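User: Please examine the model shown below with me. I shall put questions about both chains in turn, and I should like the reasoning with each answer.

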Amino acid sequence: MEPLVVVEDLSGGYSPRRPVLHGLTFKVMPGEMVGLIGLNGAGKSTAIRHLLGLMKPLAGTVRIGGVTLEEDAERYRRSFAYVPETPLLFDELTVQEHLRLTAMAYGIEEPVYAGRAERLLAEFRMADKRTAFAAHLSKGMKQKVMIMNALLAAPPLYLIDEPFLGLDPLGVRSLLERLEAEKRSGSAILMSSHILSTLEAYCDRYLVLHDGRLIASGTLDELRETAGMPGAPLERLFFRFVAPEGDAYGA
Amino acid sequence: MEPDLAALYRGRAGEWRKAVAPYVRDVARSGFPAIVVLAALALLSGYTAFLEDVPEGFPIVGVGTGLLTLLLMWSPLRTFLRPADAVFLMPREHEMGRYVRLAWRRGYIAGGALLLTACLLYLPLYRQGGSPTGAAALVPVLLALKAASDAGAWQERRIAFAAARRLCLSLRAALTLAAVFALLAKPLAGALGFAAAAAALQAAVCRLPARHRFPWQRLFDEEARTRRRYERFFRSFTDLPAEGEAPARRPYAARAAGWIRHSRENTYLYLYALTVARSDLGGMLIRLTAVGALAGAVAGSSGALAGWAGAPVAWLFALAAGVQAGTVRQAHRHAVWRHLYPLPEADRGRAALRVAVAAHLACAVPLGLAAALPPAFAGRWLPTAAALAGCLALVPAMALRLRRTLAREAMED
């Protein structure tokens with residue numbers, strides 16, 4: 001099985017003189033959910049921005065769906081859907097119109113779009129908001145629209161940055177259930193979040209970023225083995241990796 | 001030490017002037033002021049010809065009442081307040097009177113100047129209608145009414161609920177209309193008594209609904225709207241990044257986007273159609289068409305220049321509508337969506353062109369018809385055909401210009 005994301009020796013940032021990321025190398029396979037974790041400023045969002053193609057690598061390569069952005073921009077962009085930390089919507093479009101625009105952009109046929117849109121609107125309890133302008137939605141509802149856009153596109157890869165901010169508990173549950181379903185159907189998910197207990201319950205593997213470096217990666221058991229903490233929860237492992245001498249829980 | 005609020009207001013006004021100065025220079029260089037001056041001269045010439053031969057039974061008082069009421073009701077308030085002031089200025093709400101008084105004074109001077117200009121234009125016509133009140137008495141009374149109306153507008157801003165606010169606005173409009181009519185048609189003493197009673201009634205009614213002590217949110221929204229309007233205007237002449245705009249639903253215009261075939265190549269077409277229908281650009285095109293149609297119809301009806309007065313007015317407005325419609329190409333030019341979603345970039349320019357042409361045509365037809373019908377009713381077929389054909393011919397001409405602009409911008413990108 002070919003990996004969906006291949007990041008090789010990626011160094012990047014906003015200035016060549018002060019790189020934020022240092023030699024990241026990792027893969028994401030189809031059908032797996034990978035948690036990207038790190039403290040504020042660790043480089044999680046910068047890494048995601050490099051994956052999105054919003055930033056040029058200073059060194060190294062990023063391949064999604066087997067191609068780099070330079071090789072085939074259209075195939076690269078159609079291979080993933082992105083849910084940003086801060087919702088990005090057009091103020092003058094309604095919820096339903098955003099879904100239709102997304103369907104058009106991803107080349108989804110109208111009958112397929114109509115069925116998926118109805119299901120998503122019901123699932124995320126947004127059916128009564130379908131004619132509301134994005135400008136008039138709460139932060140959580142805007143985030144739901146971004147999530148629905150991503151799920152509507154049903155791409156091979158989901159890039160999700162802090163998806164739970166502003167979402168109500170039912171919204172969080174709907175999102176996680178849908179991501180589970182997408183994973184079972186073969187999609188890959190790379191999700192960044194600070195809510196480690198949720199990631200622990202849903203993710204197959206983890207990438208631990210610290211000061212722009214990948215300091216640990218693997219399944220929960222592999223992380224426990226690396227840290228020498230058998231049976232420890234993800235949160236304790238995380239503290240061990242990022243603050244080995246000052247573990248908030250004590251070593 | 002806390003800054004003096006009057007100095008803060010003056011500082012913000014100065015910063016605003018400094019910020020827009022480069023854009024004002026761009027506007028000046030564009031030749032737009034010359035077009036405005038030409039249009040004003042054309043209208044003035046038509047109006048002068050009209051004054052020399054005012055038709056029997058022309059509703060002089062009715063026209064004056066409508067015009068002056070509109071100017072009295074227009075009460076803009078430039079506060080320069082931004083949402084961050086909810087943190088920094090809200091604790092000083094008790095002092096905000098000083099700040100708002102400067103904003104009010106600025107609005108009153110602008111509104112008063114416009115009112116005086118309108119009086120200057122209207123009074124020669126008014127004298128021909130056997131005016132019961134002289135200009136020397138009329139002007140100060142109108143200026144006093146303007147002050148009362150501005151005060152009423154401030155009280156409306158303070159009203160907490162939209163329904164009550166709309167009710168008070170409607171009452172103020174009705175009372176102002178009646179007071180201006182009384183002033184123009186009745187003896188001065190009686191009219192003054194009526195105006196005073198109307199002002200007292202308005203003030204009493206406006207005190208009944210629930211009111212904010214200081215309408216922060218309303219002023220934030222109003223200021224944001226004003227900034228967007230300026231930005232939209234300047235964007236016609238220069239490349240200015242767009243800030244968030246409050247959309248308008250306009251279902252009659254947005255319905256057109258629903259007719260667009262669901263396909264990937266139409267993604268931008270769909271987006272731009274909704275953008276024009278819902279954004280400030282759509283509002284501006286609608287206003288431009290309404291004002292242009294009215295001006296074209298009035299100029300055409302005046303019979304000035306042997307029935308030709310309406311055509312150039314319609315052409316000018318159709319030209320302005322074309323320029324405005326072309327600015328749709330700037331919409332979402334810097335949107336992050338372009339980098340995150342697989343939007344068909346190759347179709348972006350074509351979609352902007354198609355939407356701009358459709359919007360321009362939707363403006364040009366009513367503009368042409370409004371200027372063409374009055375001479376047609378008078379049996380003057382040449383100006384009729386010229387008004388309509390000129391407006392319609394501008395659509396492909398502006399499309400060609402826009403196509404070149406898009407090609408140039410694509411090269412630059």
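User: What percentage of the residues in chain B is buried?
Analyst: This is a predicted model, in which local features need pLDDT (the predictor's confidence in each residue, from 0 to 100) of at least 70, side-chain atom pairs count only at pLDDT 80 or more, and totals for chains, interfaces and linings use all residues. Residues are numbered from 1 along each chain as its sequence is written, while chains are lettered from A and ligands numbered from 1 in the order in which they are written. A residue is buried if 20 or more other C-beta atoms, placed from the backbone, lie within 10 Å of its own, exposed if 12 or fewer do, and partly exposed in between. Of the 413 residues in chain B, the buried share is 34%.

User: What is the radius of gyration of chain B, set against a compact globule?
Analyst: Chain B has 16 helices and zero strands; helices (H or I, at least four residues) and strands (E, at least two) are DSSP runs numbered from the N terminus. Its C-alpha trace spans about 70 × 70 × 40 Å along the principal axes. The radius of gyration is taken over C-alpha atoms, and the globule rule is 2.2 Å times the number of residues to the power 0.38. For 413 residues a compact globule would have a value near 22 Å, with which chain B agrees at 24 Å.

User: What is the mean pLDDT of chain B?
Analyst: The model as a whole scores ipTM 0.82 and pTM 0.71. In chain B, 97% of the residues reach 70 or more, and the mean pLDDT is 88.

User: Is B:Leu120 buried or exposed?
Analyst: B:Leu120 lies in helix α5 (residues 96-127) of chain B. Its C-alpha atom is 9.5 Å from that of B:Val139, 19 residues apart along the chain. Because B:Leu120 has 11 C-beta neighbours inside 10 Å, it counts as exposed.

User: Near what value is phi of B:Arg250?
Analyst: B:Arg250 belongs to the loop between α9 (216-235) and α10 (251-258) of chain B. With 17 C-beta neighbours inside 10 Å, this arginine counts as partly exposed. Phi is positive here in a residue other than glycine, and its value is near 40 degrees.

User: What is the radius of gyration of chain A?
Analyst: Chain A has nine helices and nine strands, and 45% of its 251 residues count as buried. Its C-alpha atoms fill a box of roughly 55 × 40 × 35 Å along the principal axes. A compact globule of 251 residues would have a radius of gyration near 18 Å, and chain A agrees with 18 Å.

User: Against which helices do the buried residues of α3(A) pack?
Analyst: Helix α3 (residues 95-105) of chain A is mostly covered, with ten of its eleven residues buried. Among these are A:Val95, A:Leu99 and A:Met104. Just after the helix, A:Gly107 takes a positive phi of about 70 degrees. The buried residues pack against α4 (110-123) and α5 (139-153) of chain A together with α11 (267-278) of chain B.

User: Which element gives the most to the side of chain A that touches chain B?
Analyst: Chain A brings 21 residues into contact with 22 residues of chain B, two residues being in contact if their C-beta atoms, placed from the backbone, lie within 7 Å. On the chain A side, α2 (73-78) and α3 each supply at least two residues. With five residues, the element that gives the most to this side is α3(A).

User: What is the hand of the crossover from β6(A) to β7(A)?
Analyst: Strand β7 (residues 188-192) of chain A is largely enclosed by the rest of the structure, because five of its five residues are buried. It pairs (at least two DSSP bridges between the strands) in the parallel sense with β3 (residues 33-37) over four bridges and with β6 (residues 157-161) over five. A:Leu159 stands opposite A:Leu190, and A:Leu36 has A:Ser192 as its bridge partner. From β6(A) the chain crosses through helix α6 (residues 169-184) to β7(A), and this β-α-β crossover (clockwise from the first strand over the helix to the second, with the strands pointing away from the viewer) is right-handed.

User: What phi does A:Asp9 have?
Analyst: A:Asp9 is part of strand β1 (residues 5-12) of chain A. With 12 other C-beta atoms within 10 Å, A:Asp9 is exposed. Although not a glycine, A:Asp9 has a positive phi of about 50 degrees.
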